[in-house]
Structure formats: structure tokens, C-alpha cells
2 protein chains.
Amino acid sequence: MATNPAYSAIGKRLPKQDSESLVTGEAKYLDDLKLPGMLYGRIFRSPHPHALIKRINTAAAESLPGVKAVITADDTEKVKFCHLPVTPNKLALNDEKVRFVGDEVAAVAAVDWETADKALGLIEVEYELLPAVFDPLEAMQPGAPQIYEDCDNNIPARIARNFGDVDKGFAEADYIFEDTYKTPLIPACSIEPHCCIASFDHLGNLTFWVSTQNPNNYQKALSQVLKIPQNRIRVIRPKVGGAFGNKSVILPMDPIAAFLAKKAGQPVKLVNSREEEFTTTRGRYAMVIQLKTGVSRDGKLLAREAKVITNNGAYNNKATGISLLTSNRIGNLYRIPNSRTEAIIVYTNTQYGGAMRGWGGPQAHFAVESQMDTIAEKLGMDPLELRLKNANQTGDTTPWGWLIASCGLSECLEQAAEKIGWQEKRNLSGLRGVGIASVLHTGSGSAGTHGAGNFSEVLLKVYSDGAVGLIVGESDIGQGSDTVLSQIASEVLGVPLNKITVASEDTNFTPPSMGTWGSKVTFISGNAVKMAAEDARLQLAAAAKRILEVGDDARFAFVDSRIHLEGSGQSIGIEEASNYCVQKFGKPVTAKAVYEPPNANPPDPKTGFGNYCPTYAFGAQAAEVEVDPETGRVKVLRIVAAHDVGKAINPLLVEGQIQGGVAQGMGYALFEGAREKDGRVVNDNFTTNKILNATEMPWMEEILVETLDPHGPFNAKGIGEPPLIATAPAIANAVYNATGVRIKELPITPDKILRELIIKREAEGCSSEKE
Amino acid sequence: MATNPAYSAIGKRLPKQDSESLVTGEAKYLDDLKLPGMLYGRIFRSPHPHALIKRINTAAAESLPGVKAVITADDTEKVKFCHLPVTPNKLALNDEKVRFVGDEVAAVAAVDWETADKALGLIEVEYELLPAVFDPLEAMQPGAPQIYEDCDNNIPARIARNFGDVDKGFAEADYIFEDTYKTPLIPACSIEPHCCIASFDHLGNLTFWVSTQNPNNYQKALSQVLKIPQNRIRVIRPKVGGAFGNKSVILPMDPIAAFLAKKAGQPVKLVNSREEEFTTTRGRYAMVIQLKTGVSRDGKLLAREAKVITNNGAYNNKATGISLLTSNRIGNLYRIPNSRTEAIIVYTNTQYGGAMRGWGGPQAHFAVESQMDTIAEKLGMDPLELRLKNANQTGDTTPWGWLIASCGLSECLEQAAEKIGWQEKRNLSGLRGVGIASVLHTGSGSAGTHGAGNFSEVLLKVYSDGAVGLIVGESDIGQGSDTVLSQIASEVLGVPLNKITVASEDTNFTPPSMGTWGSKVTFISGNAVKMAAEDARLQLAAAAKRILEVGDDARFAFVDSRIHLEGSGQSIGIEEASNYCVQKFGKPVTAKAVYEPPNANPPDPKTGFGNYCPTYAFGAQAAEVEVDPETGRVKVLRIVAAHDVGKAINPLLVEGQIQGGVAQGMGYALFEGAREKDGRVVNDNFTTNKILNATEMPWMEEILVETLDPHGPFNAKGIGEPPLIATAPAIANAVYNATGVRIKELPITPDKILRELIIKREAEGCSSEKE
């Protein structure tokens, strides 16, 4: 780790600016907002996984006193939506067909929730039931029920990647491993459910309050679905109570609220019930990954092949991009000279998936990192050694064209292993063991492929008292980015944190923005903030030169809200320079900066070859577990999470991100996941789809490896998603180390372990009997 | 008038974007906003004009159930405030002394208005009464009660100006005229009274909703008075129901709301009662103007001298600047080679004055334009001829250093006279007559003297669908500036008006701003919008060149949301170019522009010599009146208002400004004005301080003279204040023309006319008897 300069704000352990309001309950969320004359909306959803809509009768609902609007598809613009570049195929309200249990058919707005619920019960829909299919492997078979007329075998997309000579690699391999891994659909489980309020004025301008991580994206999508120009839709984002990727793209409820409000002529609020959250809001895609790896006797990875089958669910959203990401993690984690992947997207009559923390990474890593241990065992190598031997390194260009600007993977592996007590604990007696797993993820969003860009624009103003206002398009959704961005501005301008404010919640004012996703805000917006602050600093320095009557070569230090002339005892207050700019230069100190990362190797849209991220985040997690032989229950005793963060702008918040990620990773490993029966999600609440609570967290330690990324602001890179990704495979490997049982399907529930333990015991019994 | 290019948006008669919501009552004002847990505040005010505070007992009020906070000066930071550069001497709550009836002493916040009112009645204050003085001429005398210890003769400021050789001018004059004119304090009479809501979060951040024309100024002032950094105060401005300069600077109620909210730990709303509006909110300064003018026999103005005595009231606000403006209007309307003025500010124990539409112009013009008719009569000249002979002209530099970039004064005089039927009606029989008056005002705010600057910063973004968002710091307070600014952007970018939105109401987001005042928004912000739009246009053109594969010298026309390559049939949509910028240039189409007007002749702070406005607005109004000989009542039959607006961006809105100005000018002429008895305003409601309503308006005609100002955006200049200024003297002159009675003190009430008519009749009787 290089020597750091003496930073004033960077690297400081500062609490999130809003932490106290969260803890005390002072923080207000959208459901706390009530507009005058506001109505309450509810959605009528299909009880069938696949059916034709023959007739909808809303007359009884409409005549219920207190009901102000009932809408069906005919009240909408019938614009299909989803995430480009795939074909949009979701309607706010379906007109002809429903394709999963929970699909939107009609909606009501009434004077209170009770009336709205009652009205739902009065809507009559006549369906013609169709055969349904829920398993993607079945849906791919000839003769399976066809969910879309124009889509044979229910496969809307297949995307192949091929780098190096994979056949040659396998031919040269001493060993070849083939395994199939499965992961379930994971609901985001934000504590705050999806909520929105739509309100039109007499000109047809829409004000839309919504809990989202991407107000600009909502504005754009609503514009398309409602057929209203973007300037006439104002999206206001209140404090967000959890998002995790799940609040980055509109749900049908969003335009539904607007259509209800339009028809009723009154504002309408929609809030998902917890059951709707679990059954209709898009989760992390369920995948089946068939993974084949060829290695040399001495443990060099020579070739890898993967088929990634993604259960798209009933409608398109982000399956293409996410499955590609799963593919490329498989091809780029570790130095693998030859790899090819195929991503296959499959429609089924189930809830559809979407963005969720990790964006295809958790699935990929569960497969790759589970198999790495299998390989190591076969080779008689320590799994840690196998990983270190193949680890990516700073300066690498991968066969896929990725430029690894900074990489602390080896350090993370070594430090996580050391801290967990790797050497001592690999051979513990009893059903106790340790496991380790690596992680490769973006540390900075994407490189701006798919024509979407990956920029951030930031506005900065210096008030006349020297305080600073930042205006950004990216949302702090709980991760603390406002605090981090303030620290960056504080470092550049020498203004204390309590004199810096970030504003970001209103599309009428904020710069165009890509939103908060892909672990990008610290890197992308952080760079933009740094640029804007440096611009303001130059303006203030120009004033300081005039006030202090010094030449153009004078140099200044900005410390404690003062501008100090270097090599002298002279200084002036920032407020003095700020006022001088207004009074003498005729303009206030304001700055506007746009950062888009440079890319020396832009992706080729055809082959996919090229660099996808401005920088990559690496890490490693080690887990120690104990398995109860009677119940099969896994107790996680400790987790060590070592992450390469480039430079921790705020170690306290980085640790918070890691702790939260590990909690989600443990849930992914051990108990989360939608369980469906006949297309119906049966565990639609926190009792049956348990998430980890604070008291259930194991002892854990976070290790921050600072590789000083060359492109990051103050050398930082993102840490939003990586902490989640390595946890499940680390636990799976620890379970194997403890029990000798390898579970290849998440979650690793007691019943699966118990079954495998019994099989193993019987097999051992058999074999010892035979001997 | 020069030939105009074929504009698509400029010059169009478009209704204000929010007009329908105003007419239907859909528009929400601040008093419509209710926050959870919000309390209602009331202010305890002094019943005495001058007294020492000996003791305040709030115990009974505090113990009243429902009362959540009672505050006195000890609960405040005791920071004195006002408008710089004069000495701040107003406290939010007085600790030692009260200086006018209505002065703030204590305040309460309670769960409802009734409880708050009741609590006010329980506050006991013991005063030691002091002798008071209400008339500025008396207050200036030796021995008058002294309102401030450190201020002899109650005169805090005296400012003299002297250009040319006035004594020589008088010596050369054939006639010298000396008259004294008086104008009363005019309350702003906004239909929406002052209203604010203060709400703190746990970090001590203040959100402050307030009906204001200058949110940034409130943020700054509150920061000083509350001792909170500016970034931690968020000022949000809802729709404003009238402001007229009166909502540009904080009132004591604003920090009082914040101190109450702080003490109570709950949000607090304060709304002025109508009585408080009339008695405590600062009106247009009452002045006494002693005017002396020397003219040659043939009607050339040779010298002018004025003493402007301003009743400052009890506390400092804007008297210095306003009295200087009164002075300089006297010296610069018409070509006068020699002039000197003295402005004298005098404390009295009355309500203090502040900014109010016209900023010293109405007082100056009443004096000058009344005397012009007196001069003309003496010379046997047509008053119109006298004015035309001395009128300012385009290209003039006045002896005070003003640069007259464009001037339509002569055209306005001629057209107003022609339209009123000047020649025919000057000698009507009966008590009927016509009068005319000129106006000189700023058309663009100030030139940035007093170190305050006169800039506007504008942000502009082009959405991905080609819609446009403007973000400005200046507020549309009913005058329609949002519509005008949208038209300017529309003209540059070829985007229709319904795809352009202006956002301006939130200091967390808006650029630093000087606010809305001085008839400046069209000129100053309009120029900034034009610059920003031109910047965006260049960015879009750069994309268009790449998309259409044409060279750098390609030229484009932006029409109907499309970018047309000139000399070809090719075009692309603006949305296509906007998206291209994101996808290929890596940055959205956004622009930031700051406009501060150039000034070739900046004012000398010592002598005052120099140019004060980027451009000047001229105009003339003619009035026809009939006076009832029995009652003395004046009936205004018609008003013709001709105004040089440079170029009317939106003639409909310009006419609206003129109509509103004339209505206020007629009130100023005939019935408005605070009447005080022992320092107490006795006409504190709309019954006794009548303002004109729509049905009482006379027939009127607006004439827009377009001189095409060289600096204005699309050659426009401001029209906010000028229409008010000429009305009162035009009516006074018409009254004289009708009756032969010259009223030199506003308002021209029936009793004054009647008294003068009687005196005149008696004098005529006497003289005829004598003959």
C-alpha cells in the first residue's frame, strides 16, 4: 500500500449524514406523505399462471361508493415496456393474456385502502386457462407450452462468447471438471415496499413521487409509457428504504398509479403489500449454470466453458445483460487463456427477474468458486493455493479484453485466509470447517456499452458564507454516497463536512443521470464531484490572487474553510473569495462537471471483446461454519471479508457495505429464495422467506485492501455489490470442508445437507462393508 | 421599428403557463401546506410607538394547554438585520426598546391558531413610554425625540449628488420653479399575505417554505440571523400570490418562525393577518420632495435641484438605495445639463419602508412630472411639447454618466398623446381633461453596484426525448417570467413551449441568484437562458454533423423539434442528437450560463458618476379624467400607456404587466396609502385602504414601442415596474387640466380636490368681485 498524503477528509470514519434520523425513526418515507384529495390504489392481479383474458367486468367495482376510478388496459396507452435492448413486452395492464400469477389486469382507486380492497373483490374476469410451464429446462423443450407466439422454445435470446481456443485448452488439460449449479429467484426484500404517488395538474403535468434509485430513468420510462414529454413529468425521490437494484426500473404499478390519477382527476398512492413485493417485483434471476473446466496437473486453468440458462420469467427485463455478466465473470475471474460461454434466456410462466445486487455475479461465483474447490481437491492442492496460482493481477489484459487497472485479489485471498486461521482450521474435527471464495466485480459501473453511457454530471455551488452545495443525479439509497461525495468535495475545497450538502431527489432540477447501480457512485460521481470541486477551487484561487495581490504562480492550500497562500502566513476565508467572485468577476462560484470514464479498449458489439468497466473490484471472503449432523443446519461462526476498494474514502461506510453484503450473501447461501408451486410463490413473507437479522450475524471482520486505483477519485473504487458475491460460495466450500458434502443448488438448506449426509454415510457404510 | 426576423416563439401572445390554475383556483399557495405535527405561530407586537421594555412575563402563556413554545429575544441569536449597506438595526424580537406600533416583542407557537391567539393575550409586557415622533420633518428638528442613541436629528444618512454647474444653470434660467410634493407610505397589498413554515431536522438543518421573490436572499439572511451555514438552510418557494418587492427581504416573522420551531421541536407556520400586512410589512417609502427647476424661456431645462426627504420609519431597510434612485430619476429624466440632489433619510416611530414596485421612481415622477406641467403652463407651452423638447434620446450619455442604449421616450409621448386625443381634449368644457407623464426606469435591474452584482445563472438540460428543462434562480412571482424564459429557449432551440419547463423554487438546487426585482428577469435571466440555449444548440449541432456526416461548416435550422441541415432536405430529431451526445460523446446535452451585463462606464462609488443600468426603460402614459364638482371625486375615463419594451417577447404578458401597473398607479394616484394617527395605521384593511378591482378599471390601451435594445435578449427590456410610475402624475396633470387645481400630495382624494376647488372658486369670486 502506497503512502497516503495527509488527507483531511478522505479516509475518515464518518457516520452517514442521515444515520441518526434512521435510527430515531425521524426519517420520513414516501408512505408518510399524504396529498390533499389523495386516493388509494390497488391492483387486480391474475390468479392464473397462463390464461387468455376473455372478458373483464368492472361495473360492480365502479359503482361501489368511495371508488373513484377503475381502469383496465383500455384506459392505458398500451405501450409495452422493459429494459432495452431486449424487446419490450410488458404492459401496465394486460389486455389479452396473463403470463404469471400476479400479472396485472385491472386497478382501482378509492378514498381509502379498505374500499379499494373491497372493489378489487368486485372485479370479475373471465379467463381461458392455458397450459403453463415453470421450469426453464422444461420450457426449452420442444412441445412445451409457448408463452409468446413469436418465440420458439420460449428462448428469446441466446448469446455466445468465445475467446482463445477452448477446444485446444481442453485437449491440453490433464483434468476436466463438469458440474451443474443452480440458484433460485431472490426477491430484493427491501424493508420499504415499492410505493408511488401520481398527481396531475390541469395542464397534464405529472408529479410522481417514488421510492427509486434512479429518478431520471423513471422519468424517461414513464414518459414513454404515458406518452407525456419528459419535461412534463417530475419525479421526486424521498428517502429510500432499501432498493438493491430492484428500484431502478419502473414496475407496472408506476404507470398504473398515473393512469388511475388521470382517470380519477385526483392524486393516487400505490403501495405494494408484502405479498406483492415477494411475488411480482422482479428478483435476482434464477439460473442453471453448466460449468466445464480444464486444468493442468499443476493447477493451471487452461479452458472453461459454461452454459448459463436464465429463467427470464414471463416478461423481459434485464436477463440479457445480467446473463452476459454471469458469462463474463466465469470467463474473467482468474487467468484463463481460453473460455467460451453461452447465455440462454428462457421464458417461463413465473415472476420475471430483474436487477438485483450483484447483477449476475452471485450466480457466476457460486458456480465457479464451488468448482474451484472441487478442482483443488482432485489435484490434491490447497484451494487457496489454486486460487492464488490463477489469480488476476494488476496490469493484466484478460483474453476478453478487460484492462485490470488495479487488483488486490491475491492480497485479499491471503489476508482473508490468514485472519480466518486457514491453515489450522482446514482440518478441524467434527462437522466444522472453513471455506474461501474470490470475487471479481465492477468497481465503477459499466464502460458505457449498449449506448447508455456511464457518465455522471455534478453541479457545485459555493455560497457566500463559504458553504458548499452539490447537486447530483445519483441517489443515496442508504449506502451513504452523499457522505462520500461530500468528503471528496471537502478534501478538495478544505470545507468541513457540515458545510456541504448534497441534493439529488428531484428531476426538475438534477442533471441527467444514469442512476445508482453497478457499484458506480463513488467512482463515477466521485470523479465528477472532484472535477467540479477542482473547478471551484480554481475560481476561488483566482479571487485569492487578486485579494492578496499575488501573481499567477501563487499556490494555495485550502484548509479549514480558509485559503492559505503557500510560503506565507497570509490567508483569506473561502467566503471572502466567494463574495469577491460575485462582486468583482460578476459571477458566483459555481461549477458543472461531467465525468465519463476513458476506455482504451471499447467493447466490440459483435464479439463482445473489449473492456467493460473503468476499473474492477476484487475481494475474497473466508467463512467458518459448523454443521449440525442431526438437523443439517449450518451455523456460520465467522466471516472474514477482504475487499480491494482502491482507497477507502470512508472506511466506516465501506465496512457497512461489506456487513450488509455479507448478510445478504448469507441469506443467499442458506435460506433465501422464492419457492414456487404451480407458478405460485408460496413463501411470500418474511416468515417463510427469511432474511438475516442483526442478532443472527456471525462474528465478522472486514479487511480493506487499498490498491490505489489509478482512475478512481482519490484512488477509490466501488464496493456496493462485491461484498455479497463471495459469501455463498465461501459458505458452500466451508460446508464441504466441514462435512464432505457438496451442495450445488442454493440455498444450502438443512434438508439438502441432511439428505447428502445420509447418502454419504450410507455410501461410506457400503464401501466400508465392501472392504 | 426595425424589421423583425420571422420568429417562431418571440413576439407570440401566449398565456402564462400557470394561468388556468390561477383562474380555476387549482393553484396551491403556502397556506395550503400542512406538515405533520405543524404548530401555528403568532407574534406579540408593541402597542406603543416608542417605549422601553422593562419586563416580559410569558409564564401564563407558557402554561396554557396547547402552547408548545413562547419566545422572547433571549431565545434568539440577537443578530440585527436589514438590507446592506446601511447599518442593520432590526432584531427579530426586541430586547430593550420598541420603536413603532407593531414592533415584535415575543411570539408563541401552539397547536392551533385559536390557542396561539389566546396565548398572546396572556403575555404581559411592562413598558416605559417614550415620546414619539411620526413626521420626518419634525423628526429632523433639534429637540425631537431621539429614536437611536447614536443618531443625531434622527438622520442616519444624507447622500448628495452633483453633476454640471447647477448654480450657473439657475443663473442662466429665465424662470425658476420651486414646489414641494408629498407621497404616502404604500403597503404592498399582496392578496397572499406573508407566510412561512420552518421545520428543523435532528441535525439542525432548516427547511423553510416561504412566499418570496428571492429564495436565495432569504437563505442568506436566515443564515446570518439564525447563525446556521447557508447549505443547511433550504428555502422552498411555492407559488407566490403577489410580492411587488415586498417579499424580497426577510421580515422578523421569518426568523421568528425558525426560533419557534427550534424551541418547540416541531414545524411552525406563521401567516400574517391582513392587519399585520398593512401595519408591519414595510411599504413604499413616504417622501417629501422639494423640487427646484430652472428653464429657459423657450422651454429648455437648464438646472434642477431636489431635496428628497424619506421617512425611513423605525428601522433600516432600503431607504438609502431607494432615495438615491428617487434622486437620480429627478436628475436623468430629460436632458438636464446641471442637477444636484440631496437624499435625507429620517427615522420616525412609524412602520418602516422597504422595496415596493418602482423603487423610488413613483415618488420622483410624481414630483417631476407634476412640475413639468406647471412649467409648461407658465411658459405657455403645450406640456407635451415641453416633454418632447427635453426628451432623452438613444445614444445619450447623461450628465450623471448614464448610457442610454435605446430610448423610445419621444415615440411613447407622441403615440400616447395621439391615442388619448390630446389635441382635442386639452380644452374640453366641464371638469374633464387629459394629462400626460413620462417615465424613466431601469429595464434590467442594476448595473451591479454596491458589490451585489446583477448576474443570472441558468442551467439547461435537453432530455432524451428532446424536451428541455431550465433551472433558474429567479422566481416567477406572477409576472409570467417562466413563460418568457421558455419562449427564449424555444426560439433558440426550435422546441415547442409545451416541451420546456422552468424550475426555480428550491435553493438546494437552484443556482445562486439575485432574485426577482428591478424589472430585470427578462433582460438578465433572459440573456442567460439565451446563452445556455445557444450552448446546447452547439452541442446538438455537433451531434447532427456526425449523424448526417457533414463538415464543420454545415449550418442548421432548429425548427419544430428537428434539426434541419440548411440547403438540403435532410433533418434529424432533437431527441436523436440528444441521445447521440450521451452515447457517442459520453455526456448529456446540458449547459450552464452566467450573464452579467457589461458596463462601459461603471459607477464611481464616491461621486456616483457612472452607468447604473444595462439599459433603461422609457414610457409615457396619458390619462383622461372627469372630476365631480360636488364631491371632488375623480373618475378616470381612459388611460393610454405607451411603453418602450425594446422588443415584446410576449405582448400579452407585457400588456398584463402594464394593466397591473396602471391599476397600482391609479391606486397610488387616488386612494392608497397608510393613514396614521399617533403612529398607529388606522386604515389596516382593504375597506379603508382600498385597491382597485377589475371592474373599476377604466378603458385602457397599451402601446408597445419596440426600440430593439442592443443588449437585451432578442432586443427586449424589462417592463415590470415602469407601468406603475407614470400613472399618478398623468392623472394629477389630467385633474389639473380638468379643474385648474394642482394637488401636490398623494393620494388625490376628493377632500383635497374639493378644498382646492372651493379655494379656487373663492379666489376667482374674489378676483371677479374686485374687477
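This report walks through how chains A and B meet and where the backbone does something unusual.

A quick note on the ground rules: this is a predicted model, in which local features need pLDDT of at least 70 and side-chain atom pairs count only at pLDDT 80 or more, while totals for chains, interfaces and linings use all residues. Residues are numbered from 1 along each chain as its sequence is written, and chains are lettered from A and ligands numbered from 1 in the order in which they are written.

**Where the chains meet**

Let's begin with the interface: 44 residues of chain A are in contact with 44 residues of chain B (in contact means that the C-beta atoms, placed from the backbone, lie within 7 Å). Several elements of chain A each supply at least two residues of the side that touches chain B, including helix 1 (19-24), helix 6 (215-226), strand 17 (456-462) and helix 16 (574-585). Helices (H or I, at least four residues) and strands (E, at least two) are DSSP runs, numbered from the N terminus. By class, this side of chain A has 15 nonpolar, 16 polar and 13 charged residues. Here Ala, Val, Leu, Ile, Met, Phe, Trp, Tyr, Cys and Pro count as nonpolar, Asp, Glu, Lys and Arg as charged, and the others, Gly among them, as polar.

**How the copies are related**

A turn of 180° and a shift of 0.0 Å along the axis lay chain A on chain B with an RMSD of 0.0 Å (least squares on the C-alpha atoms of residues with pLDDT of at least 70 in both). The two copies are therefore related as by a two-fold rotation axis. In chain A, A:Phe509 has the C-alpha nearest that axis, 3.0 Å from it. Both copies use the same surface, as 100% of the contact residues of chain A recur in chain B.

**Backbone oddities**

Most residues other than glycine have a negative phi, and most peptide bonds are trans. Here are some exceptions.

| Site | Feature | Value |
|---|---|---|
| A:Leu746 to A:Pro747 | cis peptide bond | omega near -10° |
| B:Leu746 to B:Pro747 | cis peptide bond | omega near -10° |
| B:Lys78 | positive phi, not a glycine | about 55° |
| B:Asn153 | positive phi, not a glycine | about 60° |

A:Pro747 sits in the loop between helix 19 (727-739) and helix 20 (750-770) of chain A. B:Lys78 is in the loop between strand 3 (67-71) and strand 4 (97-98) of chain B. B:Lys78 counts as partly exposed because it has 13 C-beta neighbours inside 10 Å; buried takes 20 or more other C-beta atoms within 10 Å, exposed 12 or fewer, and partly exposed is in between, with C-beta atoms placed from the backbone.

Methods:
Two residues are in contact if their C-beta atoms, placed from the backbone, lie within 7 Å.
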